[in-house]
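Student: Could you take me through one part of this structure in detail? I would like to look closely at its charged side chains and how they pair up.

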Amino acid sequence: MKFGKVEQPELIDFTFPKDHPDTEVVLSKYKTDMSPKVYVGCAKWNRQDLKNFYPRGTKDELQYYSSQFNSIELNATFYRIFPAEQYSKWYDKTPEGFKFFPKVTNEISHLRRLNDKIYPTIDRYLEVTSNLKDKLGTIFMQMHSNFGPKNWDRVVRFVEYWPKEFPISLEFRHTDWFADEKVAEELYHLLEENNISNTLVDTAGRRDIMHMRLTNNEAFIRYVGANHASDYARLDDWVNKLVDWKEKGLKNIHFFVHQNLELESPLLSVYFIKKLNETLGCNLLIPKTLHNPQSELF
């Protein structure tokens, strides 16, 4: 993921902004003694991207990946709608409890930009995606950076059309969705009323979109490392934040690790999972890697 990439990450202030005040209000509605469901994964399972992860002789990358992680942020579905048989193959290759979090095809979000011609494509996309059955996690849709609030009516029509049985998280990148308080509040209200997750993206060059506003009982977080030593401290901050949100009522944590050079994503994930196990009392499997994360990363 190149989004938000900077040449000198050491110059970036990665301090989290304060939570939006309504985040705690939303989470308080779900507060129980139940432990949160936690899914952590990478964006891809390709051997070329995830070097230092696959043992020599690995024949099936997805099969091995899913033996180490409990989820994948499925970016491949952004570029095309695969045949139904492909989703069934992915389902069969992965163990019970594994979850796919697929990205909405760019035909809907980027090429047609939520215009009135998207609805047959939505139906076709969901028809094949449903072949993931119980392994289908939250679907997410990422809008183009130039898709701004002037397209508000398109967003409303999309939300009204989207079938409620398919959980979805929406990611907005145009700065005006968050810079204008009135626009932001209307967007948050729309998402909250329709039980839609408000995707959080943590990346170096776009600190302006760290809105820290949850709109339902799901933290869908796309973390983009900077291939820099600060990546670990940033993950520590996320562990602390998730502990805080868990105490306030958060029950669903979906955290996906990206890097500008993806080969380091599994190494950061190992570090993050260990921290979550220690602080949240999770029992997530710690993925095996061929190198020690902190000694080899930098």
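Tutor: Happy to. Let us start with a cut-off: a residue is called buried when its relative accessible area is under 20%, exposed when over 50%, and partly exposed in between. Keep in mind that this is a predicted model.

With that cut-off in hand, take R206. Its relative accessibility is 16%, so R206 counts as buried. Its side chain meets that of D208 in a salt bridge, at 2.7 Å from N to O. D208 has a relative accessibility of 38%, so this partner is partly exposed. The pair therefore joins a buried residue, R206, to a partly exposed one, D208.

Salt bridges that share partners also link D19, E24, K241, D244 and K248 into one network.

Now look at R207. Its side chain forms a salt bridge with D202, with 2.5 Å between N and O. Here both R207 and D202 are buried.

Next comes R213, which sits in the loop between β7 (200–202) and β8 (219–225). The side chain of R213 forms a salt bridge with that of D22, at 3.7 Å from N to O. This pair ties together distant parts of the chain, as D22 belongs to helix α1 and lies 191 residues from R213. The two ends differ in cover: R213 has a relative accessibility of 2%, so it is buried, while D22 is partly exposed because its relative accessible area is 27%.

R213 also brings us to H20, a residue in the segment before α1 (21–28). If we leave aside neighbours within four places in sequence, H20 is in contact with E185, Y188, H211, M212 and R213. The relative accessible area of H20 is 15%, so H20 is buried too.

For the wider view, a search of the whole structure finds 19 salt bridges; the pairs D22 with R213, R207 with D202 and R206 with D208 are among them.

Finally, consider some charges outside such pairs. D176, D180, E181 and E186 form a negative surface patch. Within this patch, E181 has its place in helix α8 (residues 181–193). The relative accessible area of E181 is 64%, so E181 counts as exposed. As you turn the model, you can set that exposed E181 beside the buried R213 and see both settings for a charged side chain.

Definitions and conventions. Residues numbered from 1 in each chain as written. Predicted model: local features only at pLDDT ≥ 70, side-chain atom pairs only at ≥ 80, totals over all residues. Heavy atoms only, no water. Helix = DSSP H or I, 4+ residues; strand = E, 2+ residues; numbered from the N terminus. Buried < 20%, exposed > 50% of the residue type's maximum accessible area, 1.4 Å probe, protein only. Contact = heavy atoms within 4.5 Å. Patch = residues over 30% accessible without salt bridge, like charges linked within 9 Å, V, L, I, M, F, W, Y side chains within 5 Å. Areas by Shrake-Rupley, 256 points an atom, 1.4 Å probe, with all protein chains shown as cover. Salt bridge = Lys/Arg side-chain N within 4 Å of Asp/Glu carboxyl O. Lys, Arg positive; Asp, Glu negative; His and termini not counted. Charge placed at Lys NZ, Arg CZ, Asp CG, Glu CD.
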